[in-house]
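Here's a quick tour of a protein with a ligand on board. Have the sequence and the 3D view open, and we'll go from the ligand outwards.

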Amino acid sequence: MRASHIVILTGAGVSAESGLGTFRDTDGLWTKYDIADVATPEGYAKNPKLVLDFYNARRANCRAAPPNAAHEAIARLQREYPGRVTLVTQNIDDLHERGGSRQVIHMHGQILQALCAECGHQWGWTGMMELDDICHSCATLGAVRPDVVWFGEMPYHMEAIWARIAECDLFAAIGTSGAVYPAAGFVSDAQHRGARTLEINLEPSDNAACFDECRLGPASETVPMWVEGLLGDG
Ligand code: NAD
């Protein structure tokens, strides 16, 4: 039976073939950097320059990376599927948007945005971020940080995400290791609400056993095939 509402959760794996490194794979970013140093409020307080430089490199890589066939297929599903398709991403890149998706819920923030730690103002940011940048709203000096959610901080849009999961009848996790909560718990939430669950990944994730179905392979191949099947032309 055709699902009336599909919730898709994407992770770093969907952008891997665009040239953006994942975090937890054997050659991932966490093998080169310590999470505590570059992705926690404490790391930022200790060495803000290291953190800004880390995200300056992520931002430059993101701007140079093209969307791939997986991003484009998900955008096509959002445009053409007769039911509702909600896209939630843990990715901080903008490849879903550049792949054609119009509605993307960025639960871990966006590398192409700045956040003022003083007043909470958020605005677009494409260049390098420096220690002496000034907030475009409150003019505080030195409070400008990347608008990304660090470990220990609350992800964005959680109420809206849980509401969508509660009413979906198909939940699909694509290219995520299932190691970071709360996103790793969405599959159980969806299942408790009676949704069918599907994992699409290069290899089984940490919580692969929680899914009803698992499709393995590179996202640029598996996701277009899945979408073609859902749209009835595969
Ligand atoms: P992760 O690095 O923990 O896991 C990546 C997953 O993708 C793994 O399960 C791996 O098997 C799979 N994968 C790798 N290549 C793939 C491919 N070609 N096709 C399909 N799957 C592939 O990433 P995660 O689960 O998203 O971890 C969560 C954290 O990583 C989030 O906080 C997210 O913000 C952050 N992150 C984002 C980006 C980005 O924005 N592009 C990049 C790295 C990490």
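## The ligand and its shell

First, a term: a polar contact here is a pair of N or O atoms within 3.5 Å. Keep in mind too that this is a predicted model.

With that cut-off in hand, start at Ile92, where a backbone N or O atom sits 2.8 Å from an oxygen atom of the ligand. Side chains join in as well: an N or O atom in the side chain of Thr176 is 2.7 Å from a ligand oxygen, and for the side chain of Asn201 the corresponding distance is 3.1 Å. As for cover, the ligand on its own has 850 Å² of accessible area, and the protein covers 94% of that.

Zooming out a bit, the ligand is surrounded by 27 residues, and the closest are Phe23, Gln90, Asp93, Thr176 and Ser177. Sorted by class, the shell has 13 polar, nine nonpolar and five charged residues. Which element gives the most to this shell? That's helix 1 (residues 13–16), with three residues.

## Helix 9 and what it leans on

Helix 9 runs over residues 219–231, and its length checks out: 13 residues at 1.5 Å a residue should span 18 Å, and the end C-alpha atoms are indeed 18 Å apart. Its buried residues are Ala219, Ser220, Thr222, Val223, Pro224, Trp226, Val227, Leu230 and Leu231. To make sense of such a pattern, recall that an α-helix has 3.6 residues a turn, so residues three or four places apart point the same way.

And what do those buried residues pack against? Two helices, helix 1 and helix 5 (69–80), plus strand 1 (5–10), strand 7 (170–174), strand 8 (196–201) and strand 9 (213–216). Within helix 9, Ser220 has a side chain that makes a polar contact with the side chain of Glu17, at 2.5 Å. Leaving out residues up to four places away in sequence, Ser220 touches Asn68, Ala69 and Ala70 as well as Glu17. Right after the helix comes Gly232, with a positive phi near 80 degrees.

## Val7 in strand 1

Val7 belongs to strand 1. Is Val7 buried or exposed? Buried: its relative accessible area is 1%, and the cut-off for buried is under 20%. Beyond its neighbours within four places in sequence, Val7 is in contact with Thr86, Val88, Arg164, Ile165, Cys168, Leu170, Phe171 and Ala172.

## Helix 4

Helix 4 (residues 48–64) passes the length check too: its 17 residues should span 24 Å at 1.5 Å each, and its end C-alpha atoms are 24 Å apart. Buried here are Val51, Leu52, Phe54, Tyr55, Asn56, Arg58, Arg59 and Cys62. The elements covering them include helix 2 (35–38), helix 3 (41–46), helix 6 (95–98), strand 4 (109–116) and strand 6 (144–148). For a sense of scale, Arg58 and Val7 are 51 residues apart in sequence, and their C-alpha atoms are 27 Å apart in space.

## Backbone oddities in the loops

Three loop spots deserve a look. Tyr181 and Pro182 are joined by a cis peptide bond, with omega about 10 degrees; Pro182 sits in the loop between strand 7 and helix 8 (186–192).

Ala139 isn't a glycine, yet its phi is positive, about 65 degrees. You'll find Ala139 in the loop between strand 5 (122–124) and strand 6. His157, also not a glycine, has a positive phi of about 60 degrees and lies in the loop between strand 6 and helix 7 (158–167). His157 counts as partly exposed, at 45% relative accessibility.

Methods. Residues numbered from 1 in each chain as written. Predicted model: local features only at pLDDT ≥ 70, side-chain atom pairs only at ≥ 80, totals over all residues. Heavy atoms only, no water. Near = heavy atom within 4 Å. Polar contact = N/O pair within 3.5 Å; in protein donor to acceptor, adjacent residues only side chain to side chain. Areas by Shrake-Rupley, 256 points an atom, 1.4 Å probe, with all protein chains shown as cover. Helix = DSSP H or I, 4+ residues; strand = E, 2+ residues; numbered from the N terminus. Nonpolar A, V, L, I, M, F, W, Y, C, P; charged D, E, K, R; others polar. Expected span 1.5 Å × (residues − 1). Buried < 20%, exposed > 50% of the residue type's maximum accessible area, 1.4 Å probe, protein only. Contact = heavy atoms within 4.5 Å.
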